[in-house]
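Take a moment to look over the model below. We will go through its sheet, and then the helices that lie across it.

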Amino acid sequence: MNESELDNKKAEILRHISTAGAGFRNPISRIFGVLPSIRKTISEFLPEDAVCMERLSVIEQSSYELLRSLRNYMEYTRLNADLAENHVQKIELNGFIQEFFTSAAELLQEQGYTLSCQTQRSLILCDTDPEKLSLILLNLLSNACIYTLEDKHIEILTAAQDDNYQISIRDHGYGMNEFCLAHVFDPYFSYDPVSGDSAGAGIGMTVVKQLCEQIEGTCTIESTPGAGTTVTLTFPVRNMRDISPALPLQTYLTPYRTGNMSDFIVFLKSIRAICK
């Protein structure tokens, strides 16, 4: 296959991704469009019908889960077709992480989750792809919330040493046994620690691993059944350096709230507690 044919093939795959995405997003968007009016009608005419409200919440929750799966499938397709190009920007890592998880904490608070984020005081300037980093973090945060236990507390820690930057996300949930740890990055592997059945599409952690590799990072997992899981991301940041607080920091910050906010809301709204 010559270069022209390869370009045409890639363009065809991108068209398929775009068409498939619209084919799912459009009807789901229409569902979201009518949900508020249905909720209002139930509140006005069936205020004591808790069953109807609960079923409506199931519809909304399932729609968010579909959108989350769709986002991961689309990214998975791009990655495996070698179409996921890096869009590098200069960002300040500690500020980016703090902003990301502060925004997440605000949205998750109403569901009873608490997030503690400990970043270093130093300002670390580097070149990376904030969109890919954000999607990695969204998948890991969603999993941490889904598989946490009653305290619903999640810890985020960062560390910088030499030319490496680490981000750790720790939950206090079900944890994973050796079998799950061995297959957690396999495409379509999914496991519910309560029922033993499939817990979802099984593509999220595969996307996490592939995206980490795309931006030259690694993802490692430490887990103990019944004692929680810690996922650590390590990125070799060649251009990492401390910058003076006197510099205009906003020049280098790329807060997630100004990025693809739809992905942000979709992932956090798709969180479901499997340990009610």
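Two strands pair if DSSP finds at least two bridges between them. Helices (H or I, at least four residues) and strands (E, at least two) are DSSP runs, numbered from the N terminus. This is a predicted model: local features need pLDDT of at least 70, side-chain atom pairs count only at pLDDT 80 or more, and totals for chains, interfaces and linings use all residues. Residues are numbered from 1 along each chain as its sequence is written, and side-chain values use heavy atoms, without hydrogens and water.

Start with the sheet. It is open, has 5 strands in the order 2-4-5-7-6, and its pairing is mixed. Strand 2 (114-118) and strand 6 (218-224) stand at the edges. Each has a single partner strand, so one side of each lacks a neighbour in the sheet. Inside the sheet, strand 5 (residues 164-170) pairs with strand 7 (residues 228-236) in the antiparallel sense, over 7 bridges.

Now turn to the helices. Helix 3 lies across strand 2, strand 4 and strand 5. Helix 4 lies across strand 2, strand 4, strand 5 and strand 7. Contact here means heavy atoms within 4.5 Å.

How do helix 3 and helix 4 pack, and at what angle? Helix 3 (residues 93-108) and helix 4 (residues 130-146) pack at about 40°, with axes 12 Å apart. Axes are lines fitted to C-alpha atoms, for helices over the stretch in contact, and angles run from 0 to 180 degrees between N-to-C directions. Residues of helix 3 that meet helix 4 include F96, F100 and A104.
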